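Me: I'm new to this one, so could you walk me through a few of its features?

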Amino acid sequence: MDLGYGPEHEAFRAEVREFLESEWGRDGAPAEPERERRESEFRRKATGRGYLNRGVPRRYGGSEQTPDVLRAQIIREEFGRARAPLEVPGAGMMMVVPTLLECGAEWQKEHFIPPTVAGEYRWAQGYSEPGAGSDLASLKTRAERVGDEWTIHGQKIWTSYAREADYFFMLVRTEPDAPKHAGISYLLVPADQPGIEIQPLKQITGESQFNQVFFDGARTPADWIVGERGQGWQVSRTTLRHERGHIGGADRSLQLWNSLMRLAGRSRCGDSPALDDPRIRDLMVQVLGYLRAQEYSGFTLLTRAARGQEAGLLETTSKLQYSRIAALISKLALQLIGDSSLLAPGLQPERGDERWLNQFMGSLGMAIAGGTSNIQRNLVAERGLGLPRDAPVRGEPSAAE
Amino acid sequence: MNFDLSEEQRLLQDGVDRLLREELPAPRLREAFDGDAAFDATLWNRLCEQGACGLHLPEALGGAGLELLELALVAERLGYAAAPVPFWGHALAGLAIDLGGSEAQKRRWLPRLAAGDVLTSVAWAETDSRWQPEQWSLPPGPSLSGVKEFVPAGREADLLLVGLAGGELALVETADGGVAAEPVEAIDRTRRLDRVRFEAARADPLPAGAAVSSRVRDAGLVLLAADAFGGASRCLELAVDYAQTREQFGVTIAHFQAVKHQLANLAVEVEPARSLFWYAAHVFDRRPAEAPASAALAKAHLCDVFVHAARETVEVHGGFGYTWECDVQFWLKRAVFDRAVLGDPDLHRARTAELLDWGSG
């Protein structure tokens, strides 16, 4: 075992640090409106240096680097430390670009990927429906081929950032007579058109990031389909894989832990500092056990990924580990903030300790988004432990498929 | 970055597994569990012949010159198999002599210890769960009197490493007299315990005992954490196997989501926790400043995980799980042993916070 990265990678780390020092500085992001311009300029330079958009070919605006999970990890660590922006956030980079790279037609890659990488095209996901959640393949929104276009009727829900989006990527039923999973296609759809109505949904936190979207004769060109007709289910699997990988990372747990430590460091229990309180210390070390287990397991995942080896069961447990850590941290935070937990957290930047209530509620969102914890448990059981599919739903593909 | 086992480390574990499969089929383990002997002497001798007991000792003195990580990898497999052998105390006494003994003590004991010709153990605990070097109270000196609790294989050991006030350590040869060991009716029948009474026993102090006892304790914590991971991973395996065999409502119970989720939750608890004992062992060998807190954290976390895993596994086995006949009890009881020996999880969580300098101190 060797927890160092070796001379070649340490040299790379030094180079990344130097770049961050000169191109991003120590002050973090400037305030709006300067922020957006500064970030996109920085991203362009970082991509030019091969630090961002590493998996995207140069001809589509990426930096086309040889896969190197250690370099990728070093970049995440160093950018995180400098609080410098990584790739453009959102579903476009996380889901659409990987999917197009794997399954898209050449013209689709040329047309959609470069502006998505640059943050000019924003995307929203049209997967879930009121009647199709965990059982996503039962979705009913239908698209019919009329002349050179698809005409879409139906309803999508839990669509994050739909109002900000330029395009939807969505799953629709195009082959109504085919078996459930074989009747689905993957379409790209312009957001700004008369057949689409977006209604914001107010979330548990009071924010409205997600929406319900009604499609009533919305249209999209015939060749804006990714993959063949009826292949949408398989096409969409590539993207879910990417999202799971992202949500499972130990980096977010560590960030959350660091915030909790800062909170604990300035909180009090009665007359003494919270970190002197034996009960708080005990609870915090319990969380630390889970946190370190995830962090160190991450080193093993990294080692195996760098060698092109599978990590089996361990890979399937990541998201549940993160969800548990986030839930434990939220519980502790409530204890630490005391009666500030009675205040509405609000959404303003100047809010006090009650902002931890957003994490308290947000941790529930994490346990639901990208496959609920119960669906994750099916995945661990079936793919990780080799257990059979549930008895009552024979004839359906399992969560692991 | 390499946080995985090397080929040699895998082979080491495979070798131990092979030996355990040969020497410890289910009926042999059952026999050891129900029998009167303190441990399975044949298995222990073969482990020593294979070099598993002196891995961490210097090559010049009959050992393999390896480190705590290798020792912990063996401990993991012994925990997996619930092996009835006095590995833990023997390994720790050897480590203490190597780290804190005089040249003469090392030359005298380590070759015989590595070969398994001499059985050693640690006499550390005092009443009221006082396991830690800071808590030992027996007065040091050439003649030793007092009582030590929960000494593994205390009656069979030829040599005892005794913890004394001030964190001092001394060797006592049981054949010299003044040592009376009586068996404790202990929960874990794969690792028997004795109460040892010293009356003017001749003691040979380790010159650097007080300087190394804390580090030897940390090694003890890592080895218990490794045993706990091995045991917990076996529980998960037993639970998964049973769920895939036992039929109810016309299908194996592994088809039911309640059972699947119970097993999935257990997997999420157990599988990532392996990294805690790997890490604690690795830093013990390579980054000693990090070792105390990592060892305490690994021990606290993994021993809780093991108890939880064993309980869940009994439950998955239903009524059969509650019988003496069901093998799961070996691990349930082993989990209780790992949890309590050398201090319970609460104590080591408190120590972790202290070692990390939390609060105003």
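Me: How many disulfides are there over all chains?
Reply: The count is zero over all chains, where a disulfide is a pair of cysteine sulfur atoms within 2.5 Å. This is a predicted model, in which local features need pLDDT of at least 70 and side-chain atom pairs count only at pLDDT 80 or more, while totals for chains, interfaces and linings use all residues. Residues are numbered from 1 along each chain as its sequence is written, chains are lettered from A and ligands numbered from 1 in the order in which they are written, and side-chain values use heavy atoms, with hydrogens and water left out.

Me: Which cysteine sulfur is nearest to that of C235(B)?
Reply: That of C326(B), which is 10 Å away, and C235(B) is in no disulfide.

Me: Is C235(B) buried or exposed?
Reply: C235(B) has a relative accessible area of 0%, so it counts as buried (under 20%, with exposed over 50% and partly exposed in between, using a 1.4 Å probe and protein chains only). C103(A), at 25% relative accessibility, is partly exposed.

Me: Switching topic, where does H317(B) lie?
Reply: H317(B) sits in the loop between α10 (291-316) and α11 (318-321) of chain B, helices being DSSP runs of H or I with at least four residues, and strands runs of E with at least two, numbered from the N terminus.

Me: And what is H317(B) in contact with?
Reply: Leaving aside neighbours within four places in sequence, H317(B) is in contact (heavy atoms within 4.5 Å) with L238(B), A239(B), Y242(B), C326(B) and V328(B). H317(B) is also buried, at 7% relative accessibility.
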